[in-house]
Amino acid sequence: MKSKSRNFYLIPYVIWIALFVVMPILLVLYYSFFDIDGQLTFDNYKKFFTPVYLKMTFSSFWYAFLITMFTLLVAYPISYLLTKTKHKQLLLLLIILPSWINLLLKAYAFIGIFGTYGAANSFLEVIGIGTKQILFTDFSFIFVSVYIFLPFMILPIFNALDELNPSLVDASNDLGASKWITFKRVIFPLTIDGVKSGCQIVFIPALSLFMLTRLIAGNRVITLGTAIEQHFLVTQDWGMGATIAVFLIIAMVLIMILTGKRKRGIL
Amino acid sequence: MKKLSKLSTVYLIIMFFILYAPILYLMFYSFNSGGTMYHFEGFTLDWYKELFGDSRLLIIVLNTAIIALLSAAISTILGVAGALAIYYARRRRVKNTLLSLNNVLIVSPDVIIGASFLILFTMVGIKLGFISVLLAHIAFSVPIVVIMVLPKIEEMNTSMIYAALDLGASRWDVLTKVVLPYITPGIFAGFFMALTYSLDDFAVTFFVTGNGFTTLSVEIYSLARRGVSLNINALSTLLFIFTMLLVVGYYFITKRNNKPGRMGVR
């Protein structure tokens with residue numbers, strides 16, 4: 001009985017999938033085989049494997065790794081402590097609230113805070129370190145990225161910790177495990193799915209950040225995202241941009257497989 | 001449950017402070033008559049006056065709002081159709097394929113979405129500007145609406161549909177009188193999500209917007225690249241308040257969402 005109605009709903013949805021999901025990916029792949037003059041070549045791929053691009057890819061991965069790691073290190077304790085508080089849902093909402101505010105504005109705020117006369121430097125002045133160049137350094141780039149990604153890491157870890165059966169922790173304590181052992185052997189392994197999805201949510205965008213690299217890192221950091229933007233919008237070398245995009249897509253798929261949950265269904 | 005230790009409480013408080021400090025910092029200096037983001041000279045509302053006197057910026061705000069509302073409305077319709085399509089798909093394989101394809105745009109980095117849409121629009125021959133931005137926003141909002149609506153449909157009792165059919169309802173009646181009223185909270189949640197995604201988006205818009213057309217995010221970016229100007233602070237204070245209103249609205253909708261009963265009949 002359902003066959004007719006199914007076809008009806010599928011029409012607009014499948015058109016959307018074909019136009020905006022499948023087509024764009026195929027077009028990126030197609031464009032990656034053309035050079036800047038519109039000639040069909042493999043040059044873009046050859047170029048990608050030259051030291052310039054490999055170095056860029058490597059540094060992009062390195063920054064993304066650092067960002068993900070620091071985000072995780074900060075987020076896990078927060079999530080853990082949140083689950084122990086009384087009004088945990090309300091506090092969680094308060095953590096997530098800043099993520100609804102336009103990313104640009106947060107980056108812009110940090111331009112002010114990390115500026116030469118900004119709040120961060122006043123603070124350093126007070127505690128006696130003195131004014132430092134903070135904006136346009138690796139530190140500021142990673143700090144702001146961690147700041148922006150933090151809520152996205154906290155959410156899945158919080159959910160995993162919240163689902164954790166507390167009697168397992170009690171049992172571990174009763175059996176004489178120290179706090180650290182309990183964490184290492186019971187809590188962390190049981191919340192690893194949350195950690196994985198958090199890392200996935202952070203790592204993929206961190207690979208492709210391009211706005212922060214310009215505003216906060218002052219073009220010092222070049223990520224895959226910056227390179228794509230550069231090729232598409234500045235040098236107009238769409239073929240090379242598309243090639244980098246292809247590799248970014250491959251990296252994305254690999255990360256998803258790597259951090260994918262072994263559960264039935266998707267997401 | 002044990003109370004938190006002092007150290008833990010301090011850690012949480014510091015983290016909350018860091019999370020909110022930049023936003024409050026921005027808002028605070030929007031009242032600074034000194035014109036910089038570090039030395040507070042005196043209280044003024046000049047930046048707000050300047051903001052409201054800037055007709056170019058007001059047009060941009062209007063553009064952003066129109067794009068957000070239109071794209072949210074259209075993507076909600078498409079998303080509901082998509083969720084229904086996934087729900088009605090009989091075979092598990094089809095269902096999973098649809099879901100995976102649905103999630104591609106959610107996990108893709110903005111840069112990829114932006115670049116690939118730029119290629120798409122140029123190939124098809126759509127002029128970059130209002131239409132291309134609108135289409136892009138619709139495109140990346142659809143999967144979010146699907147994700148918000150689908151759980152609501154799946155929790156619906158199938159016997160309601162059969163009962164309606166047995167009582168002689170046409171397929172259209174089943175949709176408008178049984179299914180849609182039941183999933184209304186999910187639809188609203190999806191609409192709000194699409195709205196915030198559209199308002200928030202920078203990267204995709206940045207790629208597919210031409211020379212003549214700008215949205216707020218892109219405008220803030222180009223202003224911020226030129227350095228600090230307290231207009232942006234005033235603007236962000238207003239945006240912050242607006243976002244809070246949206247979140248509160250969204251919060252109440254999801255709250256209603258969780259309340260059982262009264263949804264089936266209306």
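## Exercises on a predicted two-chain model

Of the 267 residues of chain A, 42% count as buried. The coordinates come from a predicted model.

**Exercise 1.** State how many helices and strands chain A has, and describe its overall extent.

*Solution.* Step 1: count the elements; chain A holds 13 helices and zero strands. Step 2: read them in order from the N terminus, which gives α-α-α-α-α-α-α-α-α-α-α-α-α. Step 3: take the principal axes; the C-alpha atoms of chain A fill a box of roughly 70 × 70 × 35 Å. Step 4: turn to the contacts in chain A with a separation of 6 or more, of which 69% join residues 24 or more positions apart.

**Exercise 2.** Find where in chain A the confidence is lowest and where it is highest among the elements, and identify end segments to treat with caution.

*Solution.* Step 1: begin with the whole chain; the mean pLDDT of chain A is 86, and 94% of its residues reach 70 or more. Step 2: go to the helices. Confidence is lowest in helix H6 (residues 119–126) of chain A, with a mean of 81, and highest in helix H3 (residues 51–84) of chain A, with 93. Step 3: inspect the ends. Residues 1–6 of chain A stay under 50 in pLDDT and have seven contacts beyond four places in sequence. Residues 263–267 of chain A also stay under 50, with five such contacts. Step 4: apply the general caution that predicted coordinates should not be read in detail where pLDDT is low.

**Exercise 3.** Compare the UniProt annotations with the secondary structure of the spans they cover.

*Solution.* Step 1: list the record. The unreviewed UniProt entry gives "transmembrane region" for residues 7–33, 61–83, 90–114, 134–158, 201–218 and 238–258 of chain A. Step 2: check two of these spans. Residues 134–158 of chain A are 84% helix and 0% strand, with end C-alpha atoms 32 Å apart. Residues 238–258 of chain A are 100% helix and 0% strand, and their end C-alpha atoms are 30 Å apart. Step 3: take the domain feature. UniProt (unreviewed entry) places "domain: ABC transmembrane type-1" at residues 57–259 of chain A; this span is 78% helix and 0% strand, and its end C-alpha atoms lie 20 Å apart. Step 4: repeat for chain B, where the unreviewed entry puts "domain: ABC transmembrane type-1" at residues 61–250. Those residues of chain B are 84% helix and 0% strand, with 21 Å between the end C-alpha atoms.

**Exercise 4.** Describe the side of chain B that touches chain A.

*Solution.* Step 1: count both sides; 64 residues of chain B and 64 residues of chain A take part in the contact. Step 2: find the main contributor on the side of chain B, which is helix H1 (residues 6–29) of chain B, with 12 residues. Step 3: sort that side by class, which yields 48 nonpolar, 11 polar and five charged residues.

**Exercise 5.** Explain why the largest nonpolar core lies between the two domains of chain A.

*Solution.* Step 1: set out the domains. The assignment for chain A gives domain 1 (1–31) and domain 2 (45–259), and 33 Å separate their centres, taken over C-alpha atoms. Step 2: describe the core. The largest nonpolar core has 151 residues, and A:Ala107 and B:Ala115 have the most contacts inside it. Helix H7 (residues 138–163) of chain A supplies the largest share, 16 residues. Step 3: conclude that this core lies between domain 1 and domain 2 of chain A because both give residues to it. Step 4: look around B:Ala115. Beyond its neighbours within four places in sequence, B:Ala115 is in contact with A:Val28, A:Ile228, A:Phe232, A:Gly241, A:Ala245 and B:Phe207.

Key:
Residues numbered from 1 in each chain as written. Chains lettered and ligands numbered in written order. Predicted model: local features only at pLDDT ≥ 70, side-chain atom pairs only at ≥ 80, totals over all residues. pLDDT = per-residue confidence, 0-100. Helix = DSSP H or I, 4+ residues; strand = E, 2+ residues; numbered from the N terminus. Contact = placed C-beta atoms within 7 Å. UniProt positions renumbered as here; feature names shortened; annotations may be inferred. Domains from an automatic or database assignment. Nonpolar A, V, L, I, M, F, W, Y, C, P; charged D, E, K, R; others polar. Buried ≥ 20, exposed ≤ 12 C-beta atoms within 10 Å, placed from the backbone. Core = buried A, V, L, I, M, F, W, Y, C linked by C-beta atoms within 7 Å.
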